[in-house]
Amino acid sequence: MKVRILLLALLASFSMAMISPVMAKALSPGVYKKLLAVHESYNDGAYGQALKQVDSLLAGKLSDYARAQALHMSGAVRLAQENYAGALQAFSQAYQLKQLEKPRQLQLLHNIAQLSYQTEQWQRSLKNFSAWQQAGGKPGANDYLMQAQAYSALKDWQKVIPAARQAIALHASPPDAWYQVQLVAHWRLKQFKQATDLLKVLVTRQPENAFFWQQLAYGYQQQNDDKSVLVTLRGAYVKGVLQSDKYVRWLAQLLIQEGSPQRAVEIIRESLTATRLKNNRQTQKMLVQAYLLAKDYQAARPLLEMLAERTDSTLMYQQLAQVNMQLRRWRAAYQALGKAIAAAPDNTGQLYIMQGMASLNDAQLDKARQSFQRASEYPSAQDSANNWLSYIETLQKDTDNPA
């Protein structure tokens, strides 16, 4: 971002100060008359004519003082034409002559610093700003901003921050872009706490700006502050700012992680209805996870059945079995466990135990015994299986020998 508005201020200062009674006394009448003509053309907006007049004057023999005055005017005309490089050259030559009054020399140095910035001569700009301040120049908000941006262009992030802070402090109502100059430096230096502090200001100033909310969430993420990420994403979602697939998914996962699965369910479902969230396998698995943690087994069951059939996943069949057992759907649990066992997973012994329990609750003692016997073949499930087999034998004896 270039501070071009400063150049308009420069033009205004030239129109008021280029001709003065002091000049009339110090110059020959002929030179003074020619400078006055340049000034009149300049004020009339006839910049081409003014440039010809001043160039003609500079081509002749002049005292150092007259030449400095003419170069000063030449710079003003070129500045009005937005010929920044030409204006910079003229002002620099005028300054080097060291003939003008101290206040005007100081102003020339300031102009040189500003135009060096405008022409992207960052080091030169910073050097001249420093010299101007040391000579008594009083920097304003825009001066500090230009210095901050020059340091930024040079990737000197440590120096960007104090200059940007000064610019913001001196401005009655600093634009958001000024904060962003400082923000970039904090990001580059991995100063995430300072970055989030700035972003909270920007979010307050522009609550509808999705980019600021995104950056704030990422800033908290970099600090491993999941609770603040959640608060940020939830606030942005409620305001209707961050409701795309990526951010809804992130919000839902954090709600699940932070122990609010029912709210995650609500957000996933309303986002699916509004087609803000893709209805793909990833979303369906996330919704199942939220249902299970919210203990909404009735809602989880049909979605788990679909996912298990489509993925043929042992885990999905195992979760489906657990849901059916919670719902006392014993035969459906037995069948789901059978499909999970078919893949010979590492926990096959435990799955046979679960299958036996499902049959036992369904009063299918023979099927239960068969499952527990198979479970006993796995060392990790052997003790539990034998206990269940003993329990079945006791039940069988009680059945055969009623009191």
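**Exercise 1: a backbone outlier**

Take E120, with its relative accessibility of 48%, and decide whether it is buried, partly exposed or exposed.

*Solution.* Start with the cut-offs: buried is under 20% relative accessible area, exposed is over 50%, and partly exposed lies in between (1.4 Å probe, protein chains only). At 48%, E120 lands in the partly exposed class. Before going on, note that this is a predicted model, where local features need pLDDT of at least 70 and side-chain atom pairs count only at pLDDT 80 or more, while totals for chains, interfaces and linings use all residues. Numbering runs from 1 along each chain as its sequence is written, and side-chain values use heavy atoms, with hydrogens and water left out.

Next, the backbone: E120 isn't a glycine, yet its phi is positive, near 60°. E120 sits in the loop between α7 (102–118) and α8; helices here are DSSP runs of H or I with at least four residues, strands are runs of E with at least two, and both are numbered from the N terminus.

Now try A344 for comparison. Its phi is positive too, about 50°, and again the residue is not a glycine. A344 belongs to the loop between α20 (330–341) and α21 (348–361), and with a relative accessible area of 58% A344 is exposed.

**Exercise 2: rings in α8**

Work out how the rings of F129 and W132 are arranged, and where the two residues sit.

*Solution.* Rings of Phe, Tyr and Trp (its six-membered ring) count as a pair if their centres lie within 6.5 Å; planes under 30 degrees apart are stacked, over 60 edge-to-face, and the rest tilted. The structure has 11 aromatic pairs by that rule. For F129 and W132, the centres are 6.4 Å apart and the planes meet at 70°, so this pair is edge-to-face.

Then look at the helix. Both residues belong to α8 (residues 122–134), and being 3 residues apart puts about one helical turn between them. An α-helix has 3.6 residues a turn, so residues three or four places apart point the same way. Both are buried: F129 has a relative accessible area of 0%, and W132 comes in at 5%.

Elsewhere, ring pairs join Y218, Y247 and W250 into a cluster.

**Exercise 3: salt bridges**

Sort the salt bridges E305–R301 and R369–E393 by where their partners lie.

*Solution.* The rule first: a salt bridge needs a side-chain nitrogen of Lys or Arg within 4 Å of a carboxyl oxygen of Asp or Glu. That gives 12 of them.

E305 and R301 meet at 3.1 Å, N to O. Both are in helix α18 (residues 297–311), 4 residues apart, or about one turn. E305 is partly exposed at 26%, whereas R301 is buried at 18%.

In R369–E393, the closest N and O atoms are 3.5 Å apart. R369 is in helix α22 (residues 365–375) and E393 in helix α23 (residues 382–400), so this bridge ties together parts 24 residues apart in sequence. R369 is buried at 16%, and E393 is partly exposed at 38%.

Two further cases: D156 and K159 form a salt bridge at 3.9 Å, N to O, and K193, D197 and K200 are linked in a network.

**Exercise 4: cores and a helix check**

Which residues have the most contacts inside the largest nonpolar core, and which helix gives the most to it?

*Solution.* A nonpolar core is a set of buried Ala, Val, Leu, Ile, Met, Phe, Trp, Tyr and Cys residues joined through side-chain atoms within 4.5 Å. The largest has 92 residues, and V160, V229, L233, L242, W250 and L251 have the most contacts inside it. Helix α15 (residues 245–257) is the top contributor, with 8 residues. Another core, of 30 residues, lies apart from this one and includes L51 and Y65.

Finish with helix α13 (residues 210–222). The expected span is 1.5 Å times one less than the number of residues. For the 13 residues of α13 that should be 18 Å, and the end C-alpha atoms are 18 Å apart, which agrees. Among its buried residues are F212, W213 and L216. The buried residues of α13 pack against α11 (176–188), α12 (192–205), α14 (226–238) and α15.

Notes: Contact = heavy atoms within 4.5 Å.
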